[in-house]
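Reader: Please pick one part of this model and take a close look at it, then set it against the rest of the chain. I would like the cut-offs stated as you go.

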Amino acid sequence: MKAFIALFQALDATTSTNAKVAALVEYFQQAPSGDAAWATFFLTGERMKRFISSRDLQLWAIEHIAMPEWLFMDSYHTVGDTAETVALLVGQPHSRLVDRPLQTWLEEDILPLASLPKPEQGAQVKRWWQLLNIAECFVLNKIMTGAFRVGVSKTLVLRALAEVAGLEPAIVAHRFIGAWRPSAAFFEQALSAGGSLSDAPQPYPFYLAYPLEQTQEQSIDGLGNCDDWLAEWKWDGIRGQIMHQGGQVLIWSRGEELVTEQFPELAALALRLPEGTVLDGEILAWRDAAPLDFAALQKRLGRKKPAGAILQESPVIFMAYDLLQWQSEDWRSRALVERKRKLGEIVQSVAQPQLQLSPEIAFTSWQELTELRLQSRTRSVEGVMLKRRGSSYLVGRKKGDWWKWKIEPYTIDAVLLYAQPGSGRRANLYTDYTFALWQGEELVPVAKAYSGLTDSEINRVDNWVRRNTLERFGPVRSVKPELVFELAFENIALSKRHKSGVAVRFPRIKRWREDKPFREADTLETLKSLIDPSPACETTP
């Protein structure tokens, strides 16, 4: 347990990639397999199901140190995180923890808490707090509330494991993808030279394209001969893999979640694929030979088993990009053109409208492709994908062979209306903002954003928010409507759930418009004028 806490602190204390990998390698070389399995579980972003709420922690801490609730809440609003606030208040100056394996702590102490009545849970947690220092309390609190995160990417964790095991990173990545249960046996098998996957078929790690930016340093002309490249439309859906393997039909999202039940028509389609087939592609809401807005697809994701009405409102297809496995053989190392050729044969043999082959864009020059890319919005796509014809299917985001060339985002000038503190390192700064547009003489909220400003700008806005607060609503402050920011976003659709009547996708701050008076910010009418009236953008039939 102490070794894991030390690893957490080491990762949190540096931004150096090499230092993070070195800390991970040192830990995994020494940790028992059971501890290493649980550490990998948390480090790769997995979480235990929450069985203790943040409110439980607050009440137990208030009782434990006999603090007035108003004072605790004032402390919480300053810190911005319940687990950290509690740890700072109850943590001991020095650890009195009798060190035990991480696996034992989790499986014999922490997990059994879930079956205890609340009073017994509280009594046990308070006993632990009397033994733990601040860092140990913080990690314990985060684990119990299902919110434990570590400042390291999954890619770096898998890279460190590959180094310890002496295996290729792609092999290790495949073994730890999908659902797996942390155990010593699984960990040892996953890192062994002859290790195999679990009984349940696992998805392959996704190959992600690198953004292509048209700048002085980088341009599409720099990719060389256009005959060496294949172009496709960049569809706006859910990246996924469909597999028929081991007698099972499974649909995996890029987030490594099984979404088979949300898309029963695609599961039925997968049964028509030959055994041992894995396809990579995009799940799209689709009607009348055109994609529906992404909001139509979201209706499926919010329900484990969508009702018949939802299935009718939001029909879907699988737009196939690539062939990863055929007749139980891994095809990822073969050239893209060979994989595409076989993929086309499979789609043609299945002959179902729910399975379509992502069409290749025909072009003879980079200038011609540049002009075709301008059709993206009318086709309800995000831009163009470029893939080298001879490329293999790699793991993660790699520069060189796969590029995504997105169209320029929509932009509006909006007024800052509300601000609230961020989380983690920015818990003491106002970094999460709500923006509004004019509708007559009223400012109507239209989007929330928290990324895009520099650290210097964040500090300036934070200082301004504190000096120009009008009202407080818990951690949220309403501010004088004076600051204008240019927001960028990918798409827009009508929405009955929002007061403004519209929903924007992936909003972020493009720049602070210090040159623009707030009265000259854009109107809601201007935003709505950006909505494509074509059927492809409707969210309901």
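Author: Helices (H or I, at least four residues) and strands (E, at least two) are DSSP runs, numbered from the N terminus. Buried means under 20% relative accessible area, exposed over 50%, and partly exposed in between (1.4 Å probe, protein chains only). The model is predicted, so local features need pLDDT of at least 70 and side-chain atom pairs count only at pLDDT 80 or more, while totals for chains, interfaces and linings use all residues. Residues are numbered from 1 along each chain as its sequence is written, and side-chain values use heavy atoms, with hydrogens and water left out.

The part chosen is helix 17, which covers residues 366–373. Its buried residues are Trp366, Leu369, Leu372 and Arg373. Viewed down the axis of helix 17, these buried residues fall within an arc of 120 degrees (taken from the directions from the helix axis to the C-beta atoms), so they line one face of the helix. An α-helix has 3.6 residues a turn, so residues three or four places apart point the same way. The buried residues of helix 17 pack against strand 3, strand 11 and strand 13, where contact means heavy atoms within 4.5 Å. Strand 11 runs over residues 383–388, strand 3 over 229–233 and strand 13 over 402–406.

The loop between helix 17 and strand 11 holds Ser380. Ser380 is buried, at a relative accessible area of 17%. Its phi is positive, about 60 degrees, although Ser380 is not a glycine. Most residues other than glycine have a negative phi. A second case is Gln327, a residue other than glycine with phi near 55 degrees. Gln327 belongs to the loop between strand 8 (316–326) and strand 9 (329–330). Unlike the buried Ser380, Gln327 counts as exposed, at 57% relative accessibility.

Each of the three strands that helix 17 packs against leads to a further residue. Lys387 is in strand 11 and, at 2% relative accessibility, counts as buried. Leaving aside neighbours within four places in sequence, Lys387 is in contact with Asp228, Trp229, Leu230, Glu232, Tyr321, Leu336, Asp401 and Trp402. Among these partners, Trp229, Leu230 and Glu232 fall in the range of strand 3, and Trp402 in that of strand 13. Lys387 is also 50 residues from Val337 in sequence, with 9.9 Å between their C-alpha atoms.

Strand 3 is followed by a loop to strand 4 (238–245), and Asp236 is found there. Asp236 is buried, with a relative accessible area of 13%. Apart from neighbours within four places in sequence, Asp236 is in contact with Glu282, Leu284, Phe294, Glu382, Asn491 and Arg505.

Pro409 sits in the loop between strand 13 and strand 14 (410–421). Pro409 is partly exposed, at 24% relative accessible area. Its C-alpha atom is 9.1 Å from that of Glu382, a residue 27 positions away along the chain. Glu382 is also one of the contacts of Asp236. Not counting residues up to four places away in sequence, Pro409 touches Arg377, Ala488, Phe489, Glu490 and Arg508.

For the setting, the chain comes to 19 helices and 22 strands. Its radius of gyration is 26 Å (over C-alpha atoms), close to the 24 Å that the globule rule (2.2 Å times the number of residues to the power 0.38) gives for 541 residues, so the chain is as compact as a globular protein of that length. The C-alpha trace spans about 70 × 70 × 50 Å along its principal axes. Of the 541 residues, 50% count as buried. Among contacts with a separation of 6 or more, 70% join residues 24 or more positions apart.

Elsewhere in the chain, Ala147 is in the loop between helix 9 (134–144) and helix 10 (154–165). Ala147 is partly exposed, with a relative accessible area of 23%. Beyond residues up to four places away in sequence, Ala147 touches Arg47 and Lys142. Ala147 and Leu530 are 383 residues apart in sequence, and their C-alpha atoms are 38 Å apart in space.
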